[in-house]
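Student: Could you take me through one part of this structure up close? I'd like to look at a sheet and how its strands sit side by side.

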Amino acid sequence: MLARDLRSHLLGQIKSTFSAHAASLELRQDSASALELTGRRYFDGLVIDCDQVVGGVQALTEIRNSRSNKNALIIAVINGLTSAETALDSGANFVLSKPVQETRLQSVLDIAFPKMESEHRRYFRYETDLPVRLRNHLGEAFTVRMKNVSEGGLALKLVDPVNLTGVVPVEFDIPSIEPQAFQAKAEVVWSNSFEMGLR
């Protein structure tokens, strides 16, 4: 969410840095369209102009409190109306003041990009369809299907409703020419009649 004046110097700086990191950039010129977009899509990082976009600070607060982007890295850009403290209290991870010096922008982005890449790995879900063997607390074994896997866990599709809670043993074969069994203990973090999430 960048004001028109950022299209020149600052936008050029941000575009070149994002391009160098093979990161895509989507622009919105008003708070309403930015909030609509971030309400339905996850982003690894956001740049929000707090002072030259009407409702910028409120958008920052709403995005930070949203389900889809509450963990996204946010860089706030201020220009004399909003204080750095207010931007940080509203949810920004970093604050840049206009005019933004090249060295300051680069130092922020040098820290921000590894954090965004880490968040991308944590959030990214790899779609799959593998059989997963589970065992309940009574030692009974049953098989479900893996829906997706991420850095933090698994989503499973259930054929029949399963009542599992707490930590359970999990086993599945990693696809390969010679499949290898992956075994772990996982915590049931959510479940319904059709799906289950394990951490």
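Tutor: Sure, and let's begin with a bit of vocabulary: two strands count as paired if DSSP finds at least two bridges between them. Keep in mind that this is a predicted model.

Now find the open sheet, where three strands line up in the order S1-S2-S3 with parallel pairing. Strand S1 (45-49) and strand S3 (94-97) are the edges, each pairing on one side only. Going from one strand to the next, the twist averages 20 degrees.

Zoom in on S1 and its partner, strand S2 (residues 73-78). These two are joined by five bridges in the parallel sense. One spot to click on is Asp49, whose bridge partner in S2 is Val77.

Next, look at Ile78, which also lies in strand S2. Is Ile78 buried or exposed? Its relative accessible area is 5%, and buried means under 20%, so Ile78 counts as buried. You can see what surrounds Ile78 by checking its contacts. Leaving out residues up to four places away in sequence, Ile78 touches Cys50, Asp51, Ser83, Ala84, Ala87, Val95, Leu96, Ser97 and Lys98. Pick out Cys50 from that list: Cys50 and Ile78 are 28 residues apart along the chain, yet their C-alpha atoms are separated by 5.5 Å.

For a contrast, move along to the strands that run antiparallel. Strand S4 (residues 126-135) and strand S5 (residues 141-149) are joined by eight bridges in that antiparallel way. Here Leu134 stands opposite Phe142 in S5. The hairpin of S4 and S5 has five residues between the strands, and in this hairpin Gly139 takes a positive phi near 90 degrees. S5 is also joined to strand S6 (residues 154-157), again antiparallel, by four bridges. Met146 has Leu156 as its bridge partner in S6, and the hairpin that S5 and S6 form has four residues between them.

One last stop: the rings. A search of the whole structure turns up one aromatic pair. The ring centres of Phe172 and Phe182 are 5.0 Å apart and the planes sit at 35 degrees, so this pair is tilted. Phe172 belongs to strand S7 (residues 167-174) and Phe182 to strand S8 (residues 180-191), with the two residues ten apart. How do they compare for exposure? Phe172 is buried, at 9% relative accessibility, while Phe182 is partly exposed, with a relative accessible area of 36%.

Terms used:
Residues numbered from 1 in each chain as written. Predicted model: local features only at pLDDT ≥ 70, side-chain atom pairs only at ≥ 80, totals over all residues. Heavy atoms only, no water. Phe/Tyr/Trp six-rings, centres within 6.5 Å; stacked < 30°, edge-to-face > 60°. Buried < 20%, exposed > 50% of the residue type's maximum accessible area, 1.4 Å probe, protein only. Axes fitted to C-alpha atoms, helices over the stretch in contact; angles between N-to-C directions. Contact = heavy atoms within 4.5 Å.
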